Amino acid sequence: MSGPVTITLLGKPGCHLCDDARAVIERVAADLGVAWEERDITRSEELHREYWEQIPVTLINGVQHDFWRVDEARLRAAVEELRRSR
């Protein structure tokens, strides 16, 4: 099985932890050649209801990986493991 890996950052404007998470995710995605996207939870009632106490939230291919802080080494390892298993 193969396919792309996408990292998603769930956050909101004005969130300093989201800014920190974005920097880590951008770096990891660029280094590993994977896609990343950002979604604003204030634009989705469902995302807001589910994640507002946890942001920033990091998803890998739609599965929650982290919240509040992004550990760069842990994110790298998870993406690399997913790529190897595909």
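User: I'm new to this structure. How do I read the way helix α1 and helix α3 pack, and at what angle do their axes cross?

Analyst: Welcome! Two packed helices are described by the angle between their axes and the distance between the axes. In this predicted model, helix α1 (residues 16-32) and helix α3 (residues 72-85) have axes that come within 10 Å and cross at roughly 35°. The crossing of α1 and α3 is right-handed.

User: Which residues of α1 and α3 meet?

Analyst: On the α1 side, look for V24, I25, R27, V28, D31 and L32. Their counterparts in α3 are E72, L75, R76, V79, E80 and R83. Sorted by kind, the residues of this contact of α1 with α3 are six nonpolar, no polar and six charged.

User: Thanks! Now the strands. In what order do they lie in the sheet?

Analyst: Reading across the sheet, you meet β2-β1-β3-β4. It is an open sheet of four strands with mixed pairing. At the edges are β2 (35-40) and β4 (63-67), and each of these pairs on one side only. Neighbouring strands are turned by 25° against each other on average, direction ignored.

User: The pairing is called mixed. Which strands run parallel, and which antiparallel?

Analyst: Take the pairs one by one. Strand β1 (residues 6-11) and β2 run parallel, joined by six bridges. In that pair, L9 has E38 of β2 as its bridge partner. β1 and β3 pair in the antiparallel sense over four bridges, and here L10 stands opposite V57 in β3. β3 and β4 also run antiparallel, with four bridges between them; T58 is placed opposite D66 in β4.

User: How are β3 and β4 connected, and how many residues lie between them?

Analyst: They form a hairpin with two residues between them. N61 in the turn deserves a look: its phi is positive, about 50°, although N61 is not a glycine.

User: Is N61 buried or exposed?

Analyst: Neither label fits: N61 counts as partly exposed, because its relative accessibility is 29%, and the partly exposed class lies between the buried cut-off of under 20% and the exposed cut-off of over 50%. Another residue to find is W68, in the loop between β4 and α3. W68 has a positive phi of about 70° although it is not a glycine. With a relative accessible area of 46%, W68 is partly exposed.

User: Where do the helices lie relative to the strands?

Analyst: Follow each helix in turn. α1 lies across β1, β2 and β3 (57-60), and runs at about 170° to β1. α3 lies across β1, β3 and β4, and runs at about 15° to β3. As for β3 itself, both of its faces are covered: V57 and L59 on one side, and T58 and I60 on the other, are all buried.

User: Could we zoom in on one residue? What does L9 touch?

Analyst: L9 sits in strand β1. Leaving aside residues up to four places away in sequence, L9 touches C18, A21, R22, I25, E37, E38, R39, P56 and V57. L9 is buried, with a relative accessible area of 0%. You can also compare sequence with space: L9 and V34 are 25 residues apart in sequence and 14 Å apart in space, C-alpha to C-alpha.

User: P56 is in that list. What is the peptide bond from I55 to P56 like?

Analyst: That peptide bond is cis, with omega near 0°. To find P56, go to the loop between α2 (45-51) and β3.

User: C18 is in the list too. Which cysteine does a disulfide join to C18?

Analyst: A disulfide is a covalent bond between the sulfur atoms of two cysteines. Here the partner of C18 is C15, with an S to S distance of 2.4 Å. The count for this model comes to one disulfide.

User: Why is the disulfide of C15 and C18 right-handed?

Analyst: The torsion about the S-S bond of C15 and C18 is about 80°, so the disulfide is right-handed. Both C15 and C18 are buried.

Technical notes:
Residues numbered from 1 in each chain as written. Predicted model: local features only at pLDDT ≥ 70, side-chain atom pairs only at ≥ 80, totals over all residues. Heavy atoms only, no water. Axes fitted to C-alpha atoms, helices over the stretch in contact; angles between N-to-C directions. Left-handed = near helix turned anticlockwise from the far one by under 90°. Contact = heavy atoms within 4.5 Å. Nonpolar A, V, L, I, M, F, W, Y, C, P; charged D, E, K, R; others polar. Disulfide = S-S within 2.5 Å. Buried < 20%, exposed > 50% of the residue type's maximum accessible area, 1.4 Å probe, protein only. Pairing = 2+ DSSP bridges.
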